[in-house]
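Biologist: Hello! I am new to this structure, so could you pick a single part and take me through it closely?

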Amino acid sequence: MPPSYDVIIVGAGNAALCAALAARERGASVVMLEKAPPAEQGGNCPYTGGGFRFTHDGIEDIRALLPDMTDSEASRVSMAAYTAQDFRNHFEAATGGEADSELVETVIAESRPTIDWMSLKGVRWELPSQARGEAGAPSVIPNSVGLSAWESGPGLVRMLTTACRRAGVVILYQTAMNRLLTNHDGALTGVEARDRDGIHEIRSNAVVLACGGFEASAQMRAEHIGSGWERAKVRGSAHNTGDGIREALTLGAKPYGQWNGCHATPIDVAAPETGALEVTDIMPRRSYPLGITVNLAGRRFFDEGAGFAEQTFVDMGRAILQQDCGVAHQIFDSRALPHLEGRYSSARRVDADSVRELARKLDIDTHTLAKTVAHFNASAHHAQYEPRTLDGHSTADLDPPKSNWAIALGSPPYSAYTVTGGITYTYGGLKIDTCARVLDREDKPIAGLYAAGIIAGGIFVHGSLRAAGLMHGAVYGKIAGANAAVYR
Ligand SMILES: Cc1cc2nc3c(=O)[nH]c(=O)nc-3n(C[C@H](O)[C@H](O)[C@H](O)COP(=O)(O)OP(=O)(O)OC[C@H]3O[C@@H](n4cnc5c(N)ncnc54)[C@H](O)[C@@H]3O)c2cc1C
């Protein structure tokens with residue numbers, strides 16, 4: 001007889017761990033399948049700063065979750081209340097109002113209760129670096145991330161895993177869900193799992209899919225996001241290859257949300273093919289507003305100054321991948337160089353005393369690059385760089401334009417950094433309802449099948465909201481686990 005549990009949870013990241021805890025809380029027997037070995041547990045979760053966006057009444061309220069905070073520390077923090085309406089407005093701004101409003105409303109309403117619940121389960125928190133005044137440049141995106149998990153994403157995985165073990169959740173590492181199993185009537189009966197010893201069946205009443213998106217599958221990226229995306233470097237886990245999405249679709253689940261959408265960023269061309277915790281944070285290259293970015297043919301292709309980098313880097317990352325070989329060069333002159341983000345110091349830089357010499361070193365047609373820079377300079381301004389303000393120095397007639405910081409590249413030496421696009425996570429996924437049930441193509445629940453986290457489509461559409469990914473994963477993980485536990 002194959003082993004049998006009330007609930008199988010597929011994945012062992014933030015959403016999965018919350019689902020497991022919620023299912024155990026209702027008395028269900030729970031097994032969690034993690035494709036990765038223990039050191040790589042948790043998919044993309046360990047790559048995050050562990051920030052959570054939730055409704056709160058300001059720093060005095062937040063302090064209830066930070067038992068060690070002193071009065072003097074609290075007095076130095078300025079954090080206003082974050083209301084449900086703020087959360088809603090920010091979701092609308094990030095997604096152009098195209099996210100599934102029912103799913104989003106549940107995230108907003110359940111955000112604070114879920115944070116309180118996670119605290120009770122043993123998650124410790126700290127103030128995000130921005131609230132502690134350590135984040136450098138002020139953010140232009142409304143930043144309302146109330147708390148970060150203690151010791152960031154890795155800390156979050158550790159604390160939730162400890163809680164799961166204490167609660168009696170069985171965790172099987174290097175055990176991948178291969179297939180969802182059904183009986184002759186098509187009813188879900190469990191999963192087929194693959195571990196180092198081979199293929200096994202595990203039976204259950206219910207299954208919660210919390211195994212992430214398809215960002216680590218080159219084939220699915222090319223198929224759904226578009227040609228060229230097979231070349232993208234993966235910023236996070238190598239294990240999120242869309243297995244849960246694929247299997248649920250086979251069972252009749254409805255694809256939902258923006259399947260050609262994803263979060264991306266310009267990163268160093270030398271970044272590893274998939275995430276490596278030691279270097280992932282230093283790989284993004286987001287100072288491009290202070291220079292020009294050209295493709296391998298030596299031509300600009302994107303308005304580098306359309307906004308602050310934090311407003312444009314996702315589109316820039318996407319645009320780079322659409323260029324030949326998915327590679328581009330960021331070019332700066334000597335006056336821009338001191339303003340680059342500190343993480344550029346780890347990058348390979350190519351310097352030259354003239355644009356033509358730079359072109360030769362980069363293996364770009366010298367004539368084309370010289371023409372690109374000359375056209376840009378003819379339309380640009382002679383001014384100082386003011387990286388912290390949208391300076392309004394824009395080109396008059398270039399295509400594409402440069403809408404801010406269009407300052408002539410006139411001070412050699414010139415420097416170039418070679419970049420590509422890195423994918424963070426995908427937006428498209430399965431359709432779930434507010435009970436975290438996976439819906440079929442007629443919007444009816446597939447009996448016994450639940451999903452939570454990035455695998456759920458329709459929450460991030462055309463854009464995502466910082467620190468809302470972990471929050472919605474926790475909210476729907478908790479809901480999925482609780483409902484799966486009582487499913488018969
Ligand atoms: C560099 C980076 C920075 C980020 N920063 C933030 C941030 O600051 N704030 C934020 O909210 N979000 C951030 N994100 C996104 C965040 O990582 C996701 O929102 C979150 O981790 C998604 O949680 P999840 O539980 O759905 O999936 P994951 O945390 O990715 O977990 C998926 C799990 O499923 C497992 N798995 C996959 N396939 C199988 C299978 N077939 N069988 C068994 N197990 C399987 C994986 O190994 C993993 O354990 C960031 C992502 C990256 C890569």
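Modeller: Happily! Two strands pair if DSSP finds at least two bridges between them. Strands (E, at least two residues) and helices (H or I, at least four) are DSSP runs, numbered from the N terminus. This is a predicted model, so local features need pLDDT of at least 70 and side-chain atom pairs count only at pLDDT 80 or more, while totals for chains, interfaces and linings use all residues. Residues are numbered from 1 along each chain as its sequence is written.

Let us start with strand β9. Strand β8 (residues 188-195) pairs with β9 in the antiparallel sense, over six bridges. A hairpin of two residues leads from β8 to β9, and A193 stands opposite H200 in β9. Strand β1 (residues 4-10) also pairs with β9 (residues 198-209), here in the parallel sense and again over six bridges. In that pairing, V10 faces L209 of β9. Strand β19 (residues 445-451) runs parallel to β9 as well, joined to β9 by three bridges. L209 has its bridge partner in β19 at A451. So L209 of β9 stands opposite V10 and is also bridged to A451 of β19.

Now to the ligand. Its shell holds 42 residues, of which G13, G43, G236, G453 and G469 come nearest (a residue is near a molecule if its C-beta atom, placed from the backbone, lies within 6 Å of it). Helix α1, strands β7 (176-182) and β16 (414-426) and helix α12 (468-485) each give two or more residues to this shell. The most comes from α12, which gives four residues. By class, the shell has 18 nonpolar, 20 polar and four charged residues. Here Ala, Val, Leu, Ile, Met, Phe, Trp, Tyr, Cys and Pro count as nonpolar, Asp, Glu, Lys and Arg as charged, and the others, Gly among them, as polar.

Helix α1 has a packing partner too. Helices α1 (residues 14-25) and α6 (residues 152-167) pack at about 25 degrees, with their axes 10 Å apart (axes are lines fitted to C-alpha atoms over the stretch in contact, and angles run from 0 to 180 degrees between N-to-C directions). That makes α1 roughly parallel to α6, a term for angles under 35 degrees. From α1, the contact takes in N14, L17, C18, A20, L21 and R24, and from α6, L156, L160, T161, A163, C164 and A167 (C-beta atoms, placed from the backbone, within 7 Å). Nine of these contact residues are nonpolar, two polar and one charged.

Technical notes:
Parallel < 35°, antiparallel > 145°, perpendicular 65-115°, else oblique. Contact = placed C-beta atoms within 7 Å.
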